[in-house]
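Please open the model in your viewer with the cartoon representation switched on, and keep a selection box at hand. The stops below each give a selection to make and then describe what is found there.

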Amino acid sequence: MSERTATTSEPAETDETPTKTEVTSGATAVIRALENAGVETAFGVQGGAIMPIYDALYGSDIRHVTMAHEQAAAHAADAYGVVHGDPGVCLATSGPGATNLVTGIADANMDSDAMLALTGQVPSDMVGSDAFQETDTTGVTAPITKHNYFANDTDTVGDTVGEAFELAREGRPGPTLVDLPKDISLGETTREPGRARAPETARSRTDPDDDAVADAARAIERAEKPLLLFGGGVIKANATEVARSFAFEHEIPVVTTMPGIGSFPEDHDLCLSWAGMHGTGYANMAITHTDCLIAVGTRFDDRLTGGIDTFAPEAEVVHIDIDPAEISKNIHADYPVVGDAGRALERIDTEMAHSPDAREWAAQCQTWKDEYPMDYAAPEDEPVKPQFVVEALDEATPDDTIVTTGVGQHQMWAAQYWTFSEPRRWVSSHGLGTMGYGLPAAIGARLAADDDQSVVCVDGDASFLMTMQELSVAVRENLDITVAILNNKYIGMVRQWQDAFFEGRHMAAGYDWCPRFDKLAEAFGARGWAVDSYEEVPNAIEEALAYDGPSVIDFHVDPAENVYPMVSSGGANGKFALSEDQL
């Protein structure tokens, strides 16, 4: 062993101490770096160029879950990180293996989810020769990662992997990637990876500027209609308790973004739920009329803001974010505060001499809640309403249930009609809008969750078809997840837009050829139910939740049901439609 290894101090191994991989090669150094980082689970698919890494993984205590497709490996790792808090890890081979990860990496990048991808690569001396299964992986993924690395030294490859892992969660989280040429993985070394740390150049400012804190505090103090906007950054910064305390202390109403769902309890009087294109009417009214918007950990994406010129038109904007690039990128910040979300709120709270007098404003927000309730008609002689199914699932499951979704109408109904009270319970694809995210995300969430937590995937028929092969993984691993398919035989959101904006021309939106999902589930070895009436809903849910393993309920819901409220793309938040004729 090298002198460096000999002088490294490590705890003595006990029955509870995981076995550490002995470093004899680049591949074993990679696995040792993951072990040192505390990685317990990884998701991937085997292949030629990544085979040395998998061989090194053979003797490790890290649990590897073989997925049916690399895209699913990335989504599972993404969701694992969302629920667990530390970066998820996925692996794939070179060429098509690496490119199949791209959708999942891009998804994690858009949602600022911490994830590490390890990809095999052809030997270094063959790079650029169009070798079998060669792709310029670092070139392809450069725009969708925080940073990626091409490993070129067997002695330092472990350090590179450790750095990439730490960088994924440093500051604003996101995905990183290490491309591993086969000769680097197979090369001999006994050098232990050093202490993992992110590059100094990547260190984020966590403590905000004194003047910025003071200016923000004065703006909030003088506000008559203050509104807190909690984004996904509140959850990623583990600042939920601080953010809630700030709202409670100053009695300021709270709106969240979709990624921020769970940052504030949705059953609290101050909560106006989430805003944006399909957010609640009362959340969008509050944003439209607030005079001081205190935005924490949000990038102000277009699905939230609608038209930039009409977003919070009466408000001074306090924008707190760890990433200075987000300040005034989309919405001008009158009071920019760069720093950690929790630390910034603590500093502003300490600086404030008094709370704003927002009693009349809070009463107005309550009036909007009464005026624009989230309700729906459910005539018994019509097909089952999808909103009813979501509410029935919510009522039948514990408060700490984790909900994953695909993308489309079902995603919006799940966000609208499930009441979330805690963070890291809502796991969905927001920025990229990736259909097929739900099932592999449920697998990742299940492995990150506590054993006694329930995991429910609310999916659509079109989304489920894109990654349904992952049921084989759930069965093989005996994972207790419940998949609820809101089956309307359409790409539902496409059909809704075609009705509203394309004169009802349903081009390539109908899915009448869908299989029987209950029978398909049974073919995979899972349990399946088909539901056609309101009377069948409770029993099917009860039986599926009671089954200790993967189950699929195929709910045949009203194909004509639409998602409302709805703000037209680029429209004003305060001019939301409650029906198609208002668009």
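The tour goes through two sheets, the helices that pack on one of them, a buried aspartate and one further helix, and it concerns a predicted model.

Begin by selecting residues 316-321, which are strand β11, together with 335-338, which are β12. These two strands pair in the parallel sense over four bridges, and within that pairing Asp321 has Val338 of β12 as its bridge partner. Widening the view brings in the open sheet to which they belong, six strands in the order β9-β8-β7-β10-β11-β12 with parallel pairing. Its edge strands are β9 (271-274) and β12, each of which pairs on one side only, and from one strand to the next the twist averages 15°.

Next, select 402-405, strand β13, which runs parallel to β14 and is joined to β14 by two bridges; at this place Thr404 stands opposite Val427 in β14. Both strands are part of another open sheet of six, ordered β14-β13-β15-β16-β18-β17 and again paired in parallel. Because β14 (426-427) and β17 (527-531) stand at the edges with a single partner strand each, one side of each is left without a neighbour in the sheet.

Now add residues 438-448, helix α18, which packs on this sheet and touches β13, β14, β15 (455-460) and β16 (482-487), its direction making about 175° with that of β15. Helix α22 (residues 517-524) also packs on the sheet, touching β16, β17 and β18 (551-556), and its direction makes about 175° with that of β17.

From β18, move on to the segment after the strand, where Asp558 lies. Is Asp558 buried or exposed? Its relative accessibility is 9%, which is under the 20% limit, and Asp558 therefore counts as buried. Showing side chains reveals a polar contact of 2.7 Å between the side chain of Asp558 and that of Lys385. If neighbours within four places in sequence are left aside, Asp558 is in contact with Glu382, Pro383, Val384, Lys385 and Asn488.

For the last stop, select 492-501, helix α21, and colour its buried residues, among them Gly492, Met493, Arg495, Gln496 and Gln498. The elements covering the buried residues of α21 include α17 (409-417), which is worth displaying alongside. Just after α21, look for Glu503, which takes a positive phi of about 55°.

Key:
Residues numbered from 1 in each chain as written. Predicted model: local features only at pLDDT ≥ 70, side-chain atom pairs only at ≥ 80, totals over all residues. Heavy atoms only, no water. Pairing = 2+ DSSP bridges. Contact = heavy atoms within 4.5 Å. Axes fitted to C-alpha atoms, helices over the stretch in contact; angles between N-to-C directions. Buried < 20%, exposed > 50% of the residue type's maximum accessible area, 1.4 Å probe, protein only. Polar contact = N/O pair within 3.5 Å; in protein donor to acceptor, adjacent residues only side chain to side chain.
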